[in-house]
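Me: I'd like to go through the side-chain interactions in this one with you. Can we start with how you count a polar contact?

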Amino acid sequence: MIFTGLEDYKARGTQASPYYTITHFTEFAETKDTVLVRGDVVFTSKLTDAEAKCLLVTAHSFYLNDVRYKLVERFNKETHDFEFKDVLQALEMPSM
């Protein structure tokens, strides 16, 4: 997973610099029912360790919850129907 800032993404699209990267190591998933995770904050001036941890937990919540995962699927497969306000609603955050 790669995280960047919204303004950087708007300015550079897929060429935006990553602020934070997460790697999942699935080698033990089948035999030990365990996935190791490594997160690296690339730009410490843009993201604190605490914010990075929050991003990791929140991102995982969208992949481990069937209702939230539907938003991930919509973002990836039905982009024209994706609404960011639905993500904010799932997180119980006020709309922008």
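Reply: A polar contact is a pair of N or O atoms within 3.5 Å, where, within protein, one must be able to donate a hydrogen and the other to accept it. Please keep in mind that this is a predicted model.

Me: OK, so what does the side chain of Arg 68 reach?
Reply: The backbone oxygen of Ala 90 is reached by the side chain of Arg 68 at 2.7 Å. Arg 68 itself belongs to helix H4, which covers residues 66-77, and, once neighbours within four places in sequence are set aside, its contacts are Ser 61, Phe 62, Ala 90 and Leu 91.

Me: And which side chain of opposite charge is nearest to Arg 68?
Reply: That is Glu 92, 6.3 Å away, and Arg 68 has no salt bridge although it is buried.

Me: Where does Arg 68 sit relative to Phe 62?
Reply: Arg 68 lies over the face of the Phe 62 ring, at 5.0 Å from the ring centre.

Me: Switching to aromatics, how many pairs are there in the whole structure?
Reply: The search finds 4 aromatic pairs. One of them is Tyr 19 with Phe 43, which is edge-to-face because the planes stand at 85°, with the ring centres 6.0 Å apart. This pair joins distant parts of the chain, 24 residues apart, with Tyr 19 in the loop between helix H1 and strand S2 and Phe 43 in the loop between strand S3 and helix H3.

Me: Buried or exposed, what's Tyr 19?
Reply: Tyr 19 is buried, with a relative accessible area of 11%, whereas Phe 43 counts as partly exposed at 35% relative accessibility.

Me: What about Phe 75 and Phe 82?
Reply: Their ring centres are 5.0 Å apart and their planes are at 75°, so this pair is edge-to-face, and Phe 75 counts as partly exposed at 46% relative accessibility.

Terms used:
Residues are numbered from 1 along each chain as its sequence is written. This is a predicted model: local features need pLDDT of at least 70, side-chain atom pairs count only at pLDDT 80 or more; totals for chains, interfaces and linings use all residues. Side-chain values use heavy atoms; hydrogens and water are left out. Helices (H or I, at least four residues) and strands (E, at least two) are DSSP runs, numbered from the N terminus. Buried means under 20% relative accessible area, exposed over 50%, partly exposed in between (1.4 Å probe, protein chains only). Lys and Arg count as positive and Asp and Glu as negative; His and the chain ends are not counted. A salt bridge is a side-chain nitrogen of Lys or Arg within 4 Å of a carboxyl oxygen of Asp or Glu. Contact means heavy atoms within 4.5 Å. Rings of Phe, Tyr and Trp (its six-membered ring) pair if their centres lie within 6.5 Å; planes under 30 degrees apart count as stacked, over 60 as edge-to-face and the rest as tilted. A charge sits over a ring if NZ of Lys or CZ of Arg is within 6 Å of the ring centre and within 35 degrees of the ring normal.
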